[in-house]
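Visitor: I am new to this structure and would be grateful for a close look at one part of it. Please begin with a single residue and then place it in its surroundings.

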Amino acid sequence: MKEYSGRNIATPPRPRLVCGRTIHDGGYDIWVTGEDIRSEVHSFAKIFCDCHDLTICPILTGGLSFAALFGRMAEKCRVPPFKVSPIIATSYGTGQTGQSPTIFSEWLKEGSTYDVRGRTVLMLDDILDSGKTAQAAVKILEGLEPKEILTAFLLRKVDSERPFQGTYSLFDVPTRHPDTKRKLFFVGSGMDWAGEHRFVENVFDVNSGPVPQVHD
């Protein structure tokens, strides 16, 4: 596999207007634009151009947007045909504090259409925060005897303490705003607030709006 290094986003660009009814037409700090995400996923997909046994395992629902974009960019990069074997996980519920994850992956077992045994597995998710969900999913995948397990996250909080670090991250972001020290909560491109806003293409901080959504 070719080498890959993502980007570090230390501070957001200037605040912009995120249009759309579900974002309440308010001004929010955009940390990563949809254009930057498409460019970075394209670069990331290139490292799999010589992989002929790839299975991507998006963590649903957060990894769905990342996986769809990866698939489109992989086609442009002429990545060999690959399989998709989703994993369903629940962690946050309706709040911002991670809970103990629950993983559903019965269909990945040997003999099924989604069998990952002996294959290169690329697990995709939206953000690496506590790492609990990713660690639990990897443990399950290890028991299914793949050839190799790689993990990739659209965002990774660089100053979060966690036992699991992952293989790749496309964008490294802080946990708190570097100036205000306000807690950041990212939404868009797979990440949600109370189940909404996952398919907004930009990644924005929901706490930077007119009325912050969470307090320390």
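What does Ala194 count as, given its relative accessibility?

Guide: Please keep in mind throughout that this is a predicted model. Ala194 counts as partly exposed, because its relative accessibility is 42%, and buried would require a value under 20% while exposed would require one over 50%. The residue sits in the loop that lies between strand E11 and strand E12, the latter formed by residues 203-205. Its backbone also deserves attention: the phi of Ala194 is positive, about 55 degrees, although the residue is not a glycine. Most residues other than glycine have a negative phi.

Lys181 offers a useful companion. Its phi is near 65 degrees, again a positive value in a residue other than glycine. Lys181 belongs to the loop between E10 and strand E11, where E11 spans residues 186-187. With a relative accessibility of 52%, Lys181 counts as exposed, because the limit for that class is over 50%.

From Lys181 one may step back to strand E10, at one end of that loop. E10 covers residues 168-173 and is mostly covered, with six of its six residues buried. Two other strands pair with E10. Strand E1, made of residues 7-8, runs parallel to E10 and is joined to it by two bridges; here Phe171 in E10 is the bridge partner of Arg7. Strand E9, residues 148-157, also pairs with E10 in the parallel sense, through five bridges. In E10, Asp172 has Arg156 standing opposite.

Another buried residue is found in strand E3, which runs over residues 27-32 and contains Asp29. Asp29 has a relative accessible area of 11% and is therefore buried. Its C-alpha atom is separated by 10.0 Å from that of Asn202, although the two residues are 173 residues apart along the chain.

A further backbone feature lies in the loop between strand E4 (54-60) and helix H2, where Thr61 is found. The peptide bond from Leu60 to Thr61 is cis, and its omega is near 20 degrees. Most peptide bonds are trans.

After that loop comes H2 itself, residues 64-76, which packs with helix H1, residues 34-45, at an angle of about 60 degrees and with 8 Å between the axes. H1 is therefore oblique to H2. The crossing in which H1 passes H2 is right-handed. On the H1 side, the residues that meet H2 are Ile37, Arg38, Val41, His42, Phe44 and Ala45. Their counterparts in H2 are Phe66, Leu69, Phe70, Met73, Ala74 and Lys76.

The whole protein may now frame these details. Three helices and twelve strands are present. Of the 216 residues, 51% are buried. Among contacts with a separation of 6 or more, 66% come from residues 24 or more positions apart. The protein exposes about 10800 Å², and carbon and sulfur atoms supply 49% of that area.

To return to the starting point, Ala194 is a partly exposed residue in the loop between E11 and E12, with a positive phi.

Methods
Residues numbered from 1 in each chain as written. Predicted model: local features only at pLDDT ≥ 70, side-chain atom pairs only at ≥ 80, totals over all residues. Heavy atoms only, no water. Buried < 20%, exposed > 50% of the residue type's maximum accessible area, 1.4 Å probe, protein only. Helix = DSSP H or I, 4+ residues; strand = E, 2+ residues; numbered from the N terminus. Pairing = 2+ DSSP bridges. Contact = heavy atoms within 4.5 Å. Areas by Shrake-Rupley, 256 points an atom, 1.4 Å probe, with all protein chains shown as cover. Axes fitted to C-alpha atoms, helices over the stretch in contact; angles between N-to-C directions. Parallel < 35°, antiparallel > 145°, perpendicular 65-115°, else oblique. Left-handed = near helix turned anticlockwise from the far one by under 90°.
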